[in-house]
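Hi,

Here is the structure I promised to pass on. Have a look at it first, and my notes are underneath.

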Amino acid sequence: MKFLIVFVALFALAVAAPVDVVVERQESDVQPESFQNSLKLSDGTLIESQGHLQNVGTEQESLVVKGSYSYVSDDGVTYTVNYIADENGFQPQGAHIPIV
């Protein structure tokens with residue numbers, strides 16, 4: 001669920017971007033127990049993720065998602081976040097993210 005919120009927020013940011021930004025590539029493969037998707041925009045934004053159900057059919061069934069997103073900031077620096085979202089929550093990693 002957290003992944004969905006993050007993905008929708010990032011997608012909303014991409015959609016709200018200036019009109020001159022266009023989708024260069026968009027791919028999606030959704031299966032009953034897994035998915036993969038990617039989105040590349042002309043402004044350098046790249047979003048990729050893949051997920052699968054684990055412990056299917058049990059009370060411990062959960063979705064595990066691995067992915068990344070990157071964007072070019074106003075100062076020209078490309079920021080990349082790699083993450084895992086699973087039963088332990090959303091776990092982002094990036095050079096610009098403080099380690100707690």
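Below is what I found, going from the overall layout down to one loop residue.

First, a word on confidence. This is a predicted model, with a mean pLDDT of 87 for the protein, and 81% of the residues reach 70 or more. The elements don't share that evenly: helix α1 (residues 2-15) has the lowest mean pLDDT, at 63, while β2 has the highest, at 96. Where pLDDT is low, the predicted coordinates shouldn't be read in detail. I'd keep that in mind for the helix.

Now the layout. The protein has one helix and six strands, and along the sequence they follow the pattern α-β-β-β-β-β-β. The six strands make an open sheet in the order β1-β2-β3-β4-β5-β6, with antiparallel pairing. At the edges sit β1 (23-30) and β6 (89-93), each of which pairs on one side only. On average, neighbouring strands in this sheet are turned by 10° against each other, ignoring direction. As for contacts with a separation of 6 or more, 17% of them are between residues 24 or more positions apart.

Going through the pairings from the N-terminal side, β1 and β2 run antiparallel and are joined by seven bridges. They form a hairpin with three residues between them, and Arg 25 has Lys 40 in β2 as its bridge partner. Lys 40 also has a bridge partner in β3, namely Leu 46. β2 and β3 (residues 46-54) pair in the antiparallel sense as well, again over seven bridges, and here Phe 35 stands opposite Gly 51 in β3. Next come β3 and β4, antiparallel over nine bridges. Leu 46 turns up in this pairing too, standing opposite Ser 70 in β4. If you want a path to trace across the sheet, follow the partners from Arg 25 to Lys 40, on to Leu 46 and then to Ser 70.

What about the packing? Buried residues make up 26% of the 100 residues in the protein. The largest nonpolar core has ten residues: Val 21, Phe 35, Leu 39, Leu 41, Ile 47, Val 65, Tyr 69, Val 81, Tyr 83 and Ala 85. The elements that give two or more residues to this core are β2 (34-41), β4 (62-72) and β5 (78-86). Phe 35 is worth a click, since it belongs to this core and also stands opposite Gly 51.

The last stop is the loop between β2 and β3, where Thr 45 lies. The hairpin of these two strands has four residues between them, and Gly 44 takes a positive phi near 100° there. Is Thr 45 buried or exposed? With a relative accessible area of 14%, Thr 45 is buried, because the cut-off for that is under 20%. Its side chain makes a polar contact of 2.9 Å with the side chain of Asp 43. Leaving aside neighbours within four places in sequence, Thr 45 is in contact with Leu 39, Lys 40, Ser 70 and Tyr 71. Some of those names have come up already: Leu 39 is one of the core residues, Lys 40 is the bridge partner of Arg 25, and Ser 70 is the β4 residue opposite Leu 46.

That's it from me. Shout if anything looks odd when you open it.

Cheers

Key:
Residues numbered from 1 in each chain as written. Predicted model: local features only at pLDDT ≥ 70, side-chain atom pairs only at ≥ 80, totals over all residues. Heavy atoms only, no water. Core = buried A, V, L, I, M, F, W, Y, C linked by side-chain atoms within 4.5 Å. Buried < 20%, exposed > 50% of the residue type's maximum accessible area, 1.4 Å probe, protein only. Pairing = 2+ DSSP bridges. Axes fitted to C-alpha atoms, helices over the stretch in contact; angles between N-to-C directions. Polar contact = N/O pair within 3.5 Å; in protein donor to acceptor, adjacent residues only side chain to side chain. Contact = heavy atoms within 4.5 Å. pLDDT = per-residue confidence, 0-100.
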